[in-house]
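Colleague: I am new to this structure and should be grateful for a close look at a single part of it. Please take one helix and explain what surrounds it.

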Amino acid sequence: MKLLLSRRCPLSSSRIKSGRNWVCKRNPRNVVRKRPQRFLNRRQSNKRVGSRKIKEGIARLKKEMAEISVEQKSIAEGQKQVRKKYEEIQREREQLWKETELISQQSHGIRVRLDLMFQIMRARVASDSAKVAQLTLRLRDLIAKPKEENEVLMPD
């Protein structure tokens with residue numbers, strides 16, 4: 001085969017490619033056909049195999065990127081849901097904190113009133129009427145004070 005090609009067109013630089021065939025510059029009637037693929041040298045066949053592998057790799061990477069983008073969207077949606085839940089829990093926490101503070105204040109007021117009542121009972125047992133009168137007055141002021149505050153906070 002090489003011998004035939006060299007007889008038709010001795011210099012490789014004198015051949016030009018025309019479509020699928022090689023044509024000799026010196027003698028245009030001598031059309032040199034391309035070699036069949038099975039006769040390609042190793043380098044040319046590796047290029048074709050390599051380009052096919054590269055194309056397959058690119059296709060695989062594109063598929064993986066599409067899957068990753070779907071996963072990222074689902075992760076972003078999950079993060080939004082978590083953020084909403086967190087904000088809702090934060091609001092509930094603040095509300096519970098306010099309620100706890102209110103209960104704590106009410107508990108403190110009850111404790112003070114009970115302490116005054118206990119002191120009044122001790123003064124009565126000791127027959128100390130001046131101290132009883134003073135403690136009773138303080139207890140009346142304490143009991144009347146929250147009612148006035150409630151009326152200011154919640155008018156009818």
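Modeller: Helices (H or I, at least four residues) and strands (E, at least two) are DSSP runs, numbered from the N terminus. This is a predicted model, in which local features need pLDDT of at least 70 and side-chain atom pairs count only at pLDDT 80 or more, while totals for chains, interfaces and linings use all residues. Residues are numbered from 1 along each chain as its sequence is written, and side-chain values use heavy atoms, with hydrogens and water left out.

The part chosen is helix H2, residues 42-125. Confidence, given as pLDDT (the predictor's score for each residue, from 0 to 100), is highest in H2, at a mean of 90, and lowest in helix H1 (residues 2-8), at 47. Where pLDDT is low, the predicted coordinates should not be read in detail.

Within H2, arginine 60 and glutamate 64 are 4 residues apart, so about one helical turn separates them. Their side chains meet in a salt bridge at 3.9 Å, N to O; the term requires a side-chain nitrogen of Lys or Arg within 4 Å of a carboxyl oxygen of Asp or Glu.

Further along, the largest nonpolar core (buried Ala, Val, Leu, Ile, Met, Phe, Trp, Tyr and Cys residues joined through side-chain atoms within 4.5 Å; buried means under 20% relative accessible area, with a 1.4 Å probe and protein chains only) has 6 residues: Leu116, Ile120, Ala123, Val132, Leu135 and Leu139. H2 and helix H3 (129-153) each supply at least two of these core residues. Leaving aside neighbours within four places in sequence, isoleucine 120 is in contact (heavy atoms within 4.5 Å) with Val132, Leu135, Thr136 and Leu139.

Definitions and conventions: Buried < 20%, exposed > 50% of the residue type's maximum accessible area, 1.4 Å probe, protein only.
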